[in-house]
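Me: I've got this one open on my screen and I'd like a close look at a single part of it. Please pick one stretch, walk me through it slowly, and show me how it ties in with what's around it.

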Amino acid sequence: MPSPAHPTLRSPGEPVSEAGATSRSAGLPHTGRPAFGGRPTAAALRVACSGEGFARARVFTRDTLRGWSLDHRGDDAVLVITELISNAVTHAVPSAAAGAPEVRLGLALGPGALTLTVSDPGDNAPVFHPSDGSALREHGRGLCIVDALAEEWGWTPHPPAGKTVWATLSTRSLT
(Lines give C-alpha, C1' and ligand atoms only; values in the text may rest on other atoms or scores of the structure.)
Protein backbone atom coordinates (compact mmCIF):
# COMPACT_ATOMS: atom_id res chain seq x y z
CA MET A 1 0.00 0.00 0.00
CA PRO A 2 1.46 3.41 -0.89
CA SER A 3 2.61 5.57 1.98
CA PRO A 4 2.50 9.34 2.23
CA ALA A 5 5.94 10.90 2.64
CA HIS A 6 6.99 10.87 6.25
CA PRO A 7 10.48 11.05 7.74
CA THR A 8 9.94 8.05 10.00
CA LEU A 9 9.48 5.66 7.09
CA ARG A 10 12.47 3.43 6.53
CA SER A 11 13.77 3.07 3.01
CA PRO A 12 13.40 -0.47 1.65
CA GLY A 13 17.13 -0.35 0.93
CA GLU A 14 19.94 2.06 1.46
CA PRO A 15 20.15 4.67 -1.29
CA VAL A 16 22.95 4.21 -3.76
CA SER A 17 26.09 4.97 -1.76
CA GLU A 18 28.66 7.57 -2.72
CA ALA A 19 30.79 4.67 -3.96
CA GLY A 20 27.95 3.77 -6.33
CA ALA A 21 27.46 7.34 -7.48
CA THR A 22 28.57 8.73 -10.79
CA SER A 23 32.28 9.18 -11.15
CA ARG A 24 33.15 12.77 -10.24
CA SER A 25 35.80 13.00 -12.91
CA ALA A 26 34.13 11.38 -15.88
CA GLY A 27 30.48 12.21 -15.18
CA LEU A 28 29.48 8.84 -16.60
CA PRO A 29 26.99 6.52 -14.96
CA HIS A 30 28.33 3.83 -12.66
CA THR A 31 26.69 0.47 -12.14
CA GLY A 32 26.81 -1.62 -9.00
CA ARG A 33 27.90 -5.17 -8.26
CA PRO A 34 26.82 -7.98 -10.58
CA ALA A 35 24.03 -10.28 -9.47
CA PHE A 36 21.07 -12.05 -11.02
CA GLY A 37 23.22 -13.94 -13.52
CA GLY A 38 25.89 -11.27 -13.90
CA ARG A 39 23.56 -8.29 -14.40
CA PRO A 40 24.33 -5.17 -12.40
CA THR A 41 21.96 -4.55 -9.51
CA ALA A 42 22.40 -0.80 -9.09
CA ALA A 43 23.05 2.20 -11.29
CA ALA A 44 23.46 5.89 -10.51
CA LEU A 45 23.63 9.13 -12.43
CA ARG A 46 24.41 12.72 -11.46
CA VAL A 47 21.62 14.83 -12.96
CA ALA A 48 22.22 18.33 -14.25
CA CYS A 49 19.51 20.79 -13.20
CA SER A 50 18.45 21.49 -16.77
CA GLY A 51 16.17 20.22 -19.51
CA GLU A 52 19.12 18.29 -20.92
CA GLY A 53 19.73 16.73 -17.50
CA PHE A 54 16.08 15.64 -17.28
CA ALA A 55 16.26 14.10 -20.75
CA ARG A 56 19.48 12.27 -19.88
CA ALA A 57 17.88 10.91 -16.68
CA ARG A 58 14.92 9.54 -18.66
CA VAL A 59 17.18 7.89 -21.27
CA PHE A 60 19.44 6.50 -18.53
CA THR A 61 16.42 5.02 -16.72
CA ARG A 62 15.01 3.40 -19.87
CA ASP A 63 18.40 2.05 -20.95
CA THR A 64 19.13 0.63 -17.49
CA LEU A 65 15.73 -1.06 -17.26
CA ARG A 66 16.12 -2.45 -20.77
CA GLY A 67 19.46 -3.96 -19.67
CA TRP A 68 17.70 -5.54 -16.69
CA SER A 69 14.89 -6.91 -18.93
CA LEU A 70 12.39 -4.58 -17.25
CA ASP A 71 11.18 -2.73 -20.34
CA HIS A 72 7.60 -3.30 -19.13
CA ARG A 73 8.29 -0.97 -16.15
CA GLY A 74 9.97 1.72 -18.23
CA ASP A 75 7.02 4.12 -18.63
CA ASP A 76 6.12 4.08 -14.93
CA ALA A 77 9.74 4.33 -13.79
CA VAL A 78 10.46 7.25 -16.13
CA LEU A 79 7.35 9.09 -14.95
CA VAL A 80 8.24 8.56 -11.26
CA ILE A 81 11.86 9.63 -11.82
CA THR A 82 10.77 12.72 -13.77
CA GLU A 83 8.42 13.78 -10.96
CA LEU A 84 11.01 13.19 -8.23
CA ILE A 85 13.78 15.03 -10.09
CA SER A 86 11.42 17.88 -10.93
CA ASN A 87 10.52 18.21 -7.23
CA ALA A 88 14.19 18.17 -6.25
CA VAL A 89 15.11 20.88 -8.76
CA THR A 90 12.06 23.02 -7.96
CA HIS A 91 12.05 22.77 -4.17
CA ALA A 92 15.41 21.54 -2.86
CA VAL A 93 18.05 22.99 -5.16
CA PRO A 94 17.04 26.66 -4.69
CA SER A 95 17.24 26.27 -0.88
CA ALA A 96 20.61 24.46 -0.96
CA ALA A 97 23.82 25.96 0.35
CA ALA A 98 26.01 27.92 -2.05
CA GLY A 99 27.94 25.99 -4.65
CA ALA A 100 26.92 23.64 -7.39
CA PRO A 101 23.86 21.71 -6.16
CA GLU A 102 23.89 18.03 -6.83
CA VAL A 103 20.91 15.84 -7.65
CA ARG A 104 21.58 12.12 -7.96
CA LEU A 105 19.39 9.44 -9.48
CA GLY A 106 19.68 5.86 -8.26
CA LEU A 107 18.16 2.63 -9.53
CA ALA A 108 18.44 -0.59 -7.52
CA LEU A 109 17.10 -3.97 -8.52
CA GLY A 110 16.13 -6.39 -5.80
CA PRO A 111 14.09 -9.57 -5.73
CA GLY A 112 10.66 -8.58 -7.05
CA ALA A 113 11.19 -4.82 -6.72
CA LEU A 114 12.86 -1.87 -8.39
CA THR A 115 13.83 1.00 -6.07
CA LEU A 116 14.11 4.46 -7.59
CA THR A 117 15.91 7.15 -5.59
CA VAL A 118 16.54 10.86 -6.05
CA SER A 119 18.96 12.49 -3.63
CA ASP A 120 19.16 16.26 -3.32
CA PRO A 121 20.80 18.86 -1.06
CA GLY A 122 17.55 20.15 0.45
CA ASP A 123 16.43 19.56 4.02
CA ASN A 124 12.76 20.22 3.35
CA ALA A 125 10.42 17.24 3.50
CA PRO A 126 8.42 16.33 0.40
CA VAL A 127 4.89 17.69 0.69
CA PHE A 128 2.14 15.31 -0.35
CA HIS A 129 -1.17 16.97 -1.27
CA PRO A 130 -3.83 14.28 -1.63
CA SER A 131 -5.92 14.70 -4.74
CA ASP A 132 -8.70 17.18 -4.20
CA GLY A 133 -10.38 16.37 -7.51
CA SER A 134 -8.79 19.35 -9.23
CA ALA A 135 -7.23 17.52 -12.14
CA LEU A 136 -6.49 20.80 -13.87
CA ARG A 137 -4.20 22.05 -11.11
CA GLU A 138 -0.89 23.16 -12.67
CA HIS A 139 1.38 22.28 -9.71
CA GLY A 140 1.30 19.91 -6.76
CA ARG A 141 0.32 16.69 -8.55
CA GLY A 142 3.78 15.09 -8.76
CA LEU A 143 3.69 13.11 -5.53
CA CYS A 144 0.08 12.06 -6.27
CA ILE A 145 1.41 10.51 -9.49
CA VAL A 146 4.26 8.82 -7.58
CA ASP A 147 1.77 7.60 -4.97
CA ALA A 148 -0.48 6.12 -7.68
CA LEU A 149 2.34 4.28 -9.47
CA ALA A 150 4.57 3.12 -6.62
CA GLU A 151 4.04 0.17 -4.32
CA GLU A 152 5.54 2.30 -1.57
CA TRP A 153 7.41 5.59 -1.31
CA GLY A 154 8.93 7.85 1.30
CA TRP A 155 12.00 9.84 2.15
CA THR A 156 15.13 9.54 4.23
CA PRO A 157 16.90 12.62 5.64
CA HIS A 158 20.71 12.85 5.42
CA PRO A 159 21.91 15.19 8.18
CA PRO A 160 23.48 17.66 8.24
CA ALA A 161 21.96 18.46 4.83
CA GLY A 162 20.09 16.63 2.13
CA LYS A 163 17.62 13.84 1.68
CA THR A 164 16.73 10.92 -0.55
CA VAL A 165 13.19 10.45 -1.83
CA TRP A 166 12.53 6.85 -2.87
CA ALA A 167 9.82 4.81 -4.54
CA THR A 168 9.51 1.09 -5.19
CA LEU A 169 7.89 -0.49 -8.20
CA SER A 170 7.09 -4.16 -8.54
CA THR A 171 9.10 -5.92 -11.24
CA ARG A 172 6.20 -8.25 -12.07
CA SER A 173 4.76 -7.99 -15.54
CA LEU A 174 1.43 -6.19 -15.52
CA THR A 175 -0.14 -8.71 -17.92
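Reply: First, a word we'll need: two residues are in contact when heavy atoms of theirs lie within 4.5 Å. With that in hand, look at the chain as a whole, bearing in mind that this is a predicted model. Take the contacts with a separation of 6 or more: 62% of them in the protein chain are between residues 24 or more positions apart. Ala55 and Thr82 give you one pair to look up, with their positions 27 residues apart in sequence and 9.0 Å from C-alpha to C-alpha. Ala55 belongs to helix 1, and its relative accessible area of 32% makes Ala55 partly exposed.

The chain has eight strands and three helices, in the order β-β-β-β-α-α-β-β-α-β-β along the sequence. Of its 175 residues, 42% count as buried. The chain exposes about 9200 Å², with 57% of that supplied by carbon and sulfur atoms.

The stretch I'd pick is strand 6, which covers residues 113–120. Is it enclosed or open? Seven of its eight residues are buried, so strand 6 is largely enclosed by the rest of the structure.

Now for its partners. Strand 6 runs antiparallel to strand 5, and seven bridges join the two. They make a hairpin with two residues between the strands, and in the turn you'll find Gly112 with a positive phi of about 80°. To see the pairing for yourself, start at Ala108, whose bridge partner in strand 6 is Thr115. Strand 6 also pairs with strand 8, again in the antiparallel sense, over eight bridges. There, Thr117 stands opposite Trp166.

You can carry on outwards from strand 5. Strand 4 and strand 5 are antiparallel too, joined by six bridges, and Leu45 stands opposite Leu105. Strand 4 has five of its six residues buried, so the rest of the structure largely encloses strand 4 as well.

Next, the side chains. In a regular strand they alternate between the two faces of the sheet. In soluble globular proteins, nonpolar ones tend to be buried together. Here the largest nonpolar core has 30 residues, and Leu105 and Leu116 have the most contacts inside it. Strand 6 is one of the elements that give two or more residues to this core; others include strand 4, strand 5, strand 8, helix 1 and helix 2. Helix 2 gives the most, with six residues.

Click on Leu116 and look at what touches it. Beyond its neighbours within four places in sequence, Leu116 is in contact with Ala77, Val80 and Ile81, with Gly106 and Leu107, and with Val165, Trp166, Ala167 and Leu169.

Finally, go to Asp120, also in strand 6. Why does this charged-looking letter count as buried? Its relative accessibility is 7%, and the cut-off for buried is under 20%. The Asp120 side chain has polar company: it reaches the backbone nitrogen of Gly122 at 2.9 Å. A polar contact, also listed at 2.9 Å, joins the side chain of Asp120 to that of Lys163.

So, for your tour of the strand: look at the hairpin with strand 5, the pairing with strand 8, Leu116 in the core and Asp120 with Lys163.

Methods
Residues numbered from 1 in each chain as written. Predicted model: local features only at pLDDT ≥ 70, side-chain atom pairs only at ≥ 80, totals over all residues. Heavy atoms only, no water. Core = buried A, V, L, I, M, F, W, Y, C linked by side-chain atoms within 4.5 Å. Buried < 20%, exposed > 50% of the residue type's maximum accessible area, 1.4 Å probe, protein only. Helix = DSSP H or I, 4+ residues; strand = E, 2+ residues; numbered from the N terminus. Areas by Shrake-Rupley, 256 points an atom, 1.4 Å probe, with all protein chains shown as cover. Polar contact = N/O pair within 3.5 Å; in protein donor to acceptor, adjacent residues only side chain to side chain. Pairing = 2+ DSSP bridges.
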